[in-house]
Structures are given as structure tokens and as C-alpha cells.
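User: I am new to this structure and would like a close look at a single part of it, with its surroundings explained step by step.

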Amino acid sequence: MEKKERKSKVLTGIVVSDKMNKTRVVAVTRTTHHPLYGKAIRRTKKYKFHDEHNESHTGDLVRIMETRPLSKDKRWRLVEIVQRSQL
């Protein structure tokens, strides 16, 4: 029997914290519609992700991928830095 390969989730967001060693926090914003009024509203959620070489910094646009649990809160890892911060 062939094992099914699972597609990993990939998100893109802006790094909001780089204070921890090998861990960053990214804010991912998505647009959804209000259930009753239909107005488009923005929802933001923060994810902690693993950055092995401490290469991303606050303000960078990054792409992260879901992975096995690395700690209590960390379930994502850095795939690439899409755009560097202009600071």
C-alpha cells in the first residue's frame, strides 16, 4: 500500500518579534467576510516559527511552513525570506 503524502500548509506574513534565539513571531493577516453583513474584515493571527540561523528580522516578509511540534508553541519553520525590511 502506498503512503499518501500530505501537503504542508504554507503561510506568508510579517515578522513582528525577533527577540528570542532561533525563534521568531510572524503576524499573518487574512481577509474574511462578516457572517451577517458581508463586509470584508481583516483578521490577524500570530505564529511562532523556527529560524535556525537567526536570519530574519522585524519587518521582513517571510514564508513559513507547518512542521512537527518543536516546542510548546512552535509548529512552523522558515521557508524563505520573501522581502527584507527597509529599515
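Analyst: Helices (H or I, at least four residues) and strands (E, at least two) are taken here as DSSP runs, numbered from the N terminus. With that in mind, the part to look at is Arg 24, which lies in strand 2, residues 23-33. This is a predicted model, in which local features need pLDDT of at least 70 and side-chain atom pairs count only at pLDDT 80 or more, while totals for chains, interfaces and linings use all residues. Residues are numbered from 1 along each chain as its sequence is written, and side-chain values use heavy atoms, with hydrogens and water left out.

Arg 24 is described as buried because its relative accessible area is 2%, where buried means under 20%, exposed over 50% and partly exposed in between, computed with a 1.4 Å probe on protein chains only. The side chain of Arg 24 reaches the backbone oxygen of Met 20 at 2.9 Å, and it also makes a polar contact with the side chain of Asn 54 at 3.4 Å. A polar contact is a pair of N or O atoms within 3.5 Å; within protein, one must be able to donate a hydrogen and the other to accept it, and residues adjacent in sequence count only if both atoms are side-chain atoms.

If contact is taken as heavy atoms within 4.5 Å, and neighbours within four places in sequence are left aside, the partners of Arg 24 include Val 15, Tyr 47, Phe 49 and Asn 54. Val 15, in turn, touches Arg 24 and, among others, Val 26, Phe 49 and Val 62, not counting residues up to four places away in sequence.

Three of these names lead on to the largest nonpolar core, since Val 15, Tyr 47 and Phe 49 belong to it together with Val 26, Val 28, Val 62, Ile 64, Trp 76 and Leu 78, nine residues in all. Strand 2, strand 3, strand 4 and strand 5 each supply at least two residues of this core. Such a core is a set of buried Ala, Val, Leu, Ile, Met, Phe, Trp, Tyr and Cys residues joined through side-chain atoms within 4.5 Å.

Some of these strands are also paired, which requires that DSSP finds at least two bridges between them. Strand 3 (residues 40-50) and strand 5 (residues 76-83) run parallel and are joined by two bridges, with His 50 having Arg 77 as its bridge partner in strand 5. Strand 4 (residues 61-66) runs antiparallel to strand 5 and is joined to it by six bridges, and there Glu 66 has the core residue Trp 76 as its bridge partner.
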